[in-house]
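Please open the model in your viewer and keep the selection tool at hand. The stops below say what to select next and what is there.

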Amino acid sequence: MTADRHDALIVGGGPAGLTAAIYLARYLRRVVVIDEGHSRAKWIPISHNHAGFPEGIGGSALLDRMRDQAERYGASIVPGQVETVAREGEGFVAVGIGIDIHSRTVLLATGVENRRPAIEGDAHRDALDRGLLRYCPICDGYEARGQTIGVIGADSHGVAEALFLRTFSEEVTLIPHTRTKLTSAERANLWQAGIRVIDTPMASIAFEDCAIVTLTSGDTHRFDTVYPALGSDSNNALARQLGADLSDDRCIVVDTKQRASVAGVYAAGDIVMSLDQISVAMGHAAIAATTLHNDLRNRDGEGTGS
């Protein structure tokens, strides 16, 4: 795609990127979204904590609605991957296969990716759809209330997730993915909360009418649902190319208006703060889009509004 210069290039077509596109299009900005199609929102079988949908809404359905809304107001949404982005004069140029975009600003909504246990793709999707495998206790701990819950990953991530899930169930078990890395204080906190700790690592996981975790010892444990707590990896390659500051070498550092450390670069969503919440990503995006719009108005000598 080669186009005239845009006001804003948004990289990422998840809830953050699409919200920003809706706002910017309604601000009458020339905006293009490059969507690689890997938003984690697509994993959500049905979300019950997204405001305004008391019966719940599936992640893919929500993204479809948001794309339609952005395009209705004039945003362009292009499937593809931005491989490089660099400063070009007072703006930026982004390049990928079939992509050559020149833009005055860049908004990074590239998100993060959950680390997954070794599960074949179709089985992984099916387990998610049936609620046997879950990744976000903030999102769906309520749906797991009273169930037997397995948490995979016996380190600080796993401890925090197990303790959080204890709110919803009295039967929470922590199992190491590869090895146990618990401090004495963490073990004490888990014991006090009534969380069972297994020190033998997981060998495999399978799904029937429940989740079946097989240990390296050959023992098996059955759970109503399993939460992998293996951390995540930030999609920060483009931020690195632009020289943006990163926190702990992972997420993009922004100010209170979602500006990155590089002039003309903004960021929103989990790439800024990995809370894994659609509502947070959308809030970031509303702020980022409004700031971007007003910064361009200042640059063009128009003054700012809100």
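Throughout this tour, buried means under 20% relative accessible area, exposed means over 50%, and partly exposed lies in between, computed with a 1.4 Å probe on protein chains only. The model is predicted, so local features need pLDDT of at least 70 and side-chain atom pairs count only at pLDDT 80 or more, while totals for chains, interfaces and linings use all residues. Residues are numbered from 1 along each chain as its sequence is written, and side-chain values use heavy atoms, with hydrogens and water left out.

**Stop 1: helix α1**

Select residues 15-26, which form helix α1; helices (H or I, at least four residues) and strands (E, at least two) are DSSP runs numbered from the N terminus. The 12 residues of α1 reach 17 Å from the first C-alpha to the last, close to the 16 Å expected at 1.5 Å a residue, where the expected span is 1.5 Å times one less than the number of residues. Of those 12 residues 10 are buried, which leaves the helix mostly covered; among the buried ones are Gly-17, Leu-18 and Ile-22. If you now display the surroundings, what covers the buried residues of α1 includes β1 (6-11), β2 (31-35), α2 (59-72), β3 (76-79), β6 (99-108) and α8, with contact meaning heavy atoms within 4.5 Å.

**Stop 2: α1 against α8**

Add residues 278-299, helix α8, whose axis comes within 8 Å of that of α1 and crosses it at roughly 35°. Axes here are lines fitted to C-alpha atoms, for helices over the stretch in contact, and angles run from 0 to 180 degrees between N-to-C directions. The α1 side of the contact includes Pro-15, Thr-19 and Tyr-23, and the α8 side includes Ile-278, Met-282 and His-293. By class, this contact has 12 nonpolar, 3 polar and no charged residues, where Ala, Val, Leu, Ile, Met, Phe, Trp, Tyr, Cys and Pro count as nonpolar, Asp, Glu, Lys and Arg as charged, and the others, Gly among them, as polar.

While α8 is selected, pick out Asn-298, which has its place in this helix and, at 46% relative accessibility, counts as partly exposed. The C-alpha atoms of Asn-298 and Leu-24 are separated by 16 Å, although their positions lie 274 residues apart along the chain.

**Stop 3: α1 against α2**

Next, show α2 beside α1: the two axes come within 9 Å and cross at roughly 20°. The pair is therefore roughly parallel, a term used for angles under 35 degrees. Residues of α1 in this contact include Leu-18, Ile-22 and Ala-25, and those of α2 include Leu-63, Met-66 and Arg-67. By class, the contact of α1 with α2 has 8 nonpolar, 2 polar and 1 charged residues.

**Stop 4: Asp-7 in β1**

Which residues does Asp-7 contact, leaving aside neighbours within four places in sequence? Select Asp-7 in strand β1, and you will find Arg-29, Arg-30, Ser-103, Arg-104, Thr-105, Leu-292 and Leu-296 in contact. Asp-7 is buried, with a relative accessible area of 3%.

**Stop 5: two positive phi angles**

Most residues other than glycine have a negative phi. Select Leu-28, in the loop between α1 and β2, which has a positive phi of about 65° although it is not a glycine; this residue is exposed, with a relative accessible area of 74%. Then move to Gln-258, in the loop between β17 (251-252) and β18 (265-267), where phi is positive at about 70°. Gln-258 is buried, with a relative accessible area of 6%.

Technical notes
Parallel < 35°, antiparallel > 145°, perpendicular 65-115°, else oblique.
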